[in-house]
Amino acid sequence: MDPRYRPYVQQTAPRYTSYPSAPHFSSDVDRTLYEAWLHALPAEQPLSIYLHIPYCRAICWYCGCNTYAARREDTLSSFIDSLLREIDLVAEATPASKVVDIHWGGGTPNILSAAQFTRISHHLAFWFDVHDGASQTVEIDPRMLTGEQAEAYAAAGVTRASLGVQDLNEHVQRAIGRVQPAATVAQAMRTLRAAGIGHISMDLMYGLPNQTNEDLVHTLRTAAEMRPQRIALFGYAHVPWFKKRQRLIDAARLPGPEARFDQAEAARLELAALGYTTVGLDHYCLPGDDLLAAAERGNLHRNFQGYVANSTGVILGFGPSAISTLPQGYAQNMHEPGAWAKAIENEKLPIARGHRLSADDCARRDIIERLMCELTADLTPLGGARACARELGALAALADNGLVVVDG
């Protein structure tokens, strides 16, 4: 490790999928305010839609997402009924209907059968004008994918599948409660490609228990042989006080801060050798990927789904814990599925909290986004160096070490 980095490797920061980040949301934003924001959207406003499917067949120990185990079919059936009614309530509240992007996240979206997925997709198409050429992504657990599901995704216009892989070494997989052989992942990719879904990405992780640099490089090489167009490489965040499932992971088996840093650097070098170009902080793309093209144009964006090639500025979130982004601010649904469903049953938008954006928030959000997308930012919107003296002062040590350049 370059010794200049050593003072910083143990420091933490928000992932900044939003600014302010979700822990700073409050109950000041409620269903009434969210409904007013929806109503104020112009009819021609293009929309992104996020659908949070909060269920999995089994819960992986490392997962930090809002997920629950669903072992009974009626759990999913009831959830879908509530989700469709939430779509009704939101669609009735806004004149905007042009959808250019849909993201199915979770949880495990492919816990839904092909018929269930199609039912939701058709319901969206009833209420919204889903444009030809709209991008549509489905997050997939490769262990559960069927040919019937892949065909349903293709028929619904899915353009990209995102496979949750994390690691391809059995001893690491056992340490995180997710055994998933490389052959299973490869078969899922063949199934998707046979259905006509050619754009496939993989989510991988470093900093996992029992994971070494050699393990990570093996995972990257094995994954690259399958030729996903995009690889997202995230650092595992061990927060057992926040996600109790992580108590099943032996913290003594986790690599330390410097080892994590070395893993991230080894991965960056290996992915470059495998033909992938770094995009933003944690994505790697093959030539021709739209995310890479957006980065080269200076038009890369970041939102609650991570890096995106296009940004509508408006995301309508559906499902428990889903967050909506509107020009006025953020609104987040209730986390717990029962409370979320009860509010919808009572014909109420299931908003629990959010944040009303100020002009200062918007300026800081834009600067943070540009830093995360381009590693550079113009401070003029905040009033330049004089107005940002406190922030620049906090960066002085990094600037002295050559890790930050301040120009002007």
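# Salt bridges, cores and ring pairs in a predicted model

User: In this predicted model, how far apart are the closest N and O atoms of the salt bridge between Glu374 and Arg370?

Analyst: Glu374 and Arg370 lie four residues apart in helix H11, so about one helical turn separates them. Glu374 is partly exposed, at 34% relative accessibility. In this salt bridge the closest N and O atoms are separated by 3.1 Å.

User: Which residue does Arg364 meet in a salt bridge at 2.8 Å, N to O?

Analyst: Arg364 has a relative accessible area of 21% and is therefore partly exposed, as this value lies between the limits of 20% and 50%. Its partner also lies in helix H11 (residues 359-374), four residues away, about one turn of the helix. That partner is partly exposed too, with a relative accessible area of 37%. The side chain that meets Arg364 at 2.8 Å is that of Asp360.

User: Is Arg390, which forms a salt bridge with Glu391, buried or exposed?

Analyst: The closest N and O atoms of Glu391 and Arg390 are 3.2 Å apart. Glu391 is partly exposed, with a relative accessible area of 23%. Arg390 has a relative accessibility of 65%, and because this is over the 50% limit, it counts as exposed.

User: Which residues are joined into one network by salt bridges that share partners?

Analyst: The network consists of salt bridges linked through shared partners. The residues joined in this way are Arg85, Asp88, Glu92 and Glu347.

User: How many salt bridges does the model contain?

Analyst: The pairs already described, Glu374 with Arg370 and Arg364 with Asp360, belong to this class of contact. The count of salt bridges comes to 21.

User: Which helix gives the most residues to the largest nonpolar core?

Analyst: The largest nonpolar core holds 76 residues, and Leu51 and Leu316 touch the most other members. The helix that gives the most to this core contributes ten residues and spans residues 73-93. It is helix H2.

User: How many residues make up the second, separate core?

Analyst: Cys285, Leu291, Leu292 and Ala309 are included in this second core, which is separate from the largest one. Its number of residues is twelve.

User: Within what arc do the buried residues of H10 fall, seen down the helix axis?

Analyst: In helix H10 (residues 337-345), the buried residues are Pro337, Trp340, Ala343 and Ile344. They line one face of the helix, because the arc within which they fall, seen down the axis, is 130°.

User: Which strands are included in what covers the buried residues of H10?

Analyst: The cover over these buried residues includes two helices, H1 (31-40) and H2. The strands included are E2 (55-56), E3 (68-69) and E15 (329-333).

User: At what angle do the ring planes of Trp104 and Phe117 stand?

Analyst: Ten aromatic pairs are counted in the model. In the pair of Trp104 and Phe117 the ring centres are 4.2 Å apart, and the pair is tilted because its planes stand at 35°.

User: How many residues apart in sequence are the parts that the pair of Trp104 and Phe117 ties together?

Analyst: Trp104 is buried, with a relative accessible area of 0%, and Phe117 is buried at 1%. Trp104 belongs to strand E4 (residues 98-106) and Phe117 to helix H3 (residues 114-127), so the pair ties together parts whose separation in sequence is 13 residues.

User: Which residue places its charged end over the ring of Tyr5?

Analyst: Two such arrangements can be named, one of them being Lys243, which lies over the face of Phe242 at 5.3 Å from the ring centre. Over the ring of Tyr5, 6.0 Å from its centre, sits the charged end of Arg4.

User: What distance separates the C-alpha atoms of Arg353 and Pro20?

Analyst: Arg353 is placed in strand E16 (residues 351-356) and is partly exposed, with a relative accessible area of 23%. Beyond its neighbours within four places in sequence, Arg353 contacts residues including Ala22, Pro23, Phe25 and Tyr330. Although Arg353 and Pro20 are 333 residues apart along the chain, their C-alpha atoms are separated by 13 Å.

Note on methods:
Residues are numbered from 1 along each chain as its sequence is written. This is a predicted model: local features need pLDDT of at least 70, side-chain atom pairs count only at pLDDT 80 or more; totals for chains, interfaces and linings use all residues. Side-chain values use heavy atoms; hydrogens and water are left out. A nonpolar core is a set of buried Ala, Val, Leu, Ile, Met, Phe, Trp, Tyr and Cys residues joined through side-chain atoms within 4.5 Å. Buried means under 20% relative accessible area, exposed over 50%, partly exposed in between (1.4 Å probe, protein chains only). Rings of Phe, Tyr and Trp (its six-membered ring) pair if their centres lie within 6.5 Å; planes under 30 degrees apart count as stacked, over 60 as edge-to-face and the rest as tilted. A charge sits over a ring if NZ of Lys or CZ of Arg is within 6 Å of the ring centre and within 35 degrees of the ring normal. A salt bridge is a side-chain nitrogen of Lys or Arg within 4 Å of a carboxyl oxygen of Asp or Glu. The arc is that of the directions from the helix axis to the C-beta atoms. Contact means heavy atoms within 4.5 Å.
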